[in-house]
Amino acid sequence: GTSQGNPVETLATLTRGKLTRIGVFFPPGPATLVHVVCRHNLHQLVPSNYDGTLNYDDITIYTELEYEMVDPPYSVRMIGWSPTAIYQHTITFSFDLKPVTGDTWDDFNRLLFALNTERERR
């Protein structure tokens, strides 16, 4: 019973890099009643049309893209709502990143290690 006007929002903290793929796993059960989108700042990444949503059942949807996140914040907002659903459902997201042009894998791995170290301190 979550409305589109008051959705559930979760932040995925990533790092500087090129976002190459976003996966969205819908478990069995939502019956296409759960709607989700992914955004970086005001730019909607998934689905790419701003008025669109993903709403499926028992499937993983992969979106291939080449989206460079070179300026902070390096985070993606996952937004979901289900105005007519009566059961709870967990939608799972995955993000594939690689270094942006000019960065090395060593630099990228250091950024990831620093991000994981910061999370452990919390």
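# Turns, Core and Loops of a Predicted Model

Colleague: Pro73 is placed in the loop between β5 and β6. What is the omega of the peptide bond from Pro72 to Pro73?

Modeller: The model is a predicted one. In general, most peptide bonds are trans. The bond from Pro72 to Pro73 is instead cis, its omega lying near 5°.

Colleague: Which residue precedes Pro47 across a cis peptide bond?

Modeller: Pro47 belongs to the loop between β4 and β5. Its cis bond has omega near -15°, and the residue on the other side of that bond is Val46.

Colleague: How are the elements of the chain ordered from the N terminus?

Modeller: The chain contains seven strands and one helix. Starting at the N terminus, the order is β-β-β-β-β-β-β-α.

Colleague: What share of the contacts with a separation of 6 or more joins residues 24 or more positions apart?

Modeller: The C-alpha atoms occupy a box of roughly 45 × 35 × 25 Å along the principal axes, and 38% of the 122 residues are buried. Among contacts with a separation of 6 or more, the share from residues 24 or more positions apart is 79%.

Colleague: In the pairing of β3 with β4, which residue of β4 is the bridge partner of Arg39?

Modeller: Strand β3 covers residues 35-40 and strand β4 covers residues 43-46; they pair in the antiparallel sense over three bridges. The two strands form a hairpin with two residues between them. Opposite Arg39, the bridge partner in β4 is Gln44.

Colleague: Is Asn41 buried, partly exposed or exposed?

Modeller: Asn41 sits in the loop between β3 and β4 and has a positive phi, near 55°, without being a glycine. Its relative accessibility is 42%; because the class between 20% and 50% is called partly exposed, Asn41 counts as partly exposed.

Colleague: Where does Thr32, a residue with positive phi that is not a glycine, lie?

Modeller: Most residues other than glycine have a negative phi. Thr32 departs from that pattern with a phi of about 65°, and at 40% relative accessibility it is partly exposed. Its place is the loop between β2 and β3.

Colleague: Which residues touch the most other members of the largest nonpolar core?

Modeller: β2 (17-26), β3, β4, β5 (59-69), β6 (75-81) and β7 (92-98) each give two or more residues to this core. Leu19 has contacts beyond four places in sequence that include Leu45, Leu65, Val76 and Phe95. Of the 23 residues in the core, those touching the most other members are Leu19, Ile22, Val24 and Phe95.

Colleague: Why does His40 count as buried?

Modeller: His40 is part of strand β3. Beyond four places in sequence, His40 touches Leu45, Tyr67, Met69, Pro73 and Ser75. Buried requires under 20% relative accessible area, so His40 qualifies with a value of 6%.

Colleague: How far apart in space are the C-alpha atoms of Ile91 and Tyr74?

Modeller: Ile91 lies in the loop between β6 and β7 and is buried at 16% relative accessibility. Ile91 makes contacts beyond four places in sequence with residues including Val24, Phe26, Pro30 and Val36. Ile91 and Tyr74 are 17 residues apart in sequence, and from C-alpha to C-alpha they are separated by 21 Å.

Colleague: What distance separates the centres of the positive and negative side chains?

Modeller: The chain exposes about 7,500 Å², of which carbon and sulfur atoms supply 51%. Positive side chains number 10 and negative ones 14, and the distance between the centres of the two sets is 5 Å.

How values were computed:
Residues are numbered from 1 along each chain as its sequence is written. This is a predicted model: local features need pLDDT of at least 70, side-chain atom pairs count only at pLDDT 80 or more; totals for chains, interfaces and linings use all residues. Side-chain values use heavy atoms; hydrogens and water are left out. Two strands pair if DSSP finds at least two bridges between them. Helices (H or I, at least four residues) and strands (E, at least two) are DSSP runs, numbered from the N terminus. A nonpolar core is a set of buried Ala, Val, Leu, Ile, Met, Phe, Trp, Tyr and Cys residues joined through side-chain atoms within 4.5 Å. Buried means under 20% relative accessible area, exposed over 50%, partly exposed in between (1.4 Å probe, protein chains only). Contact means heavy atoms within 4.5 Å. Accessible areas come from the Shrake-Rupley method with a 1.4 Å probe; for residues, only the protein chains shown count as cover. Lys and Arg count as positive and Asp and Glu as negative; His and the chain ends are not counted. The place of a charge is taken as NZ of Lys, CZ of Arg, CG of Asp or CD of Glu.
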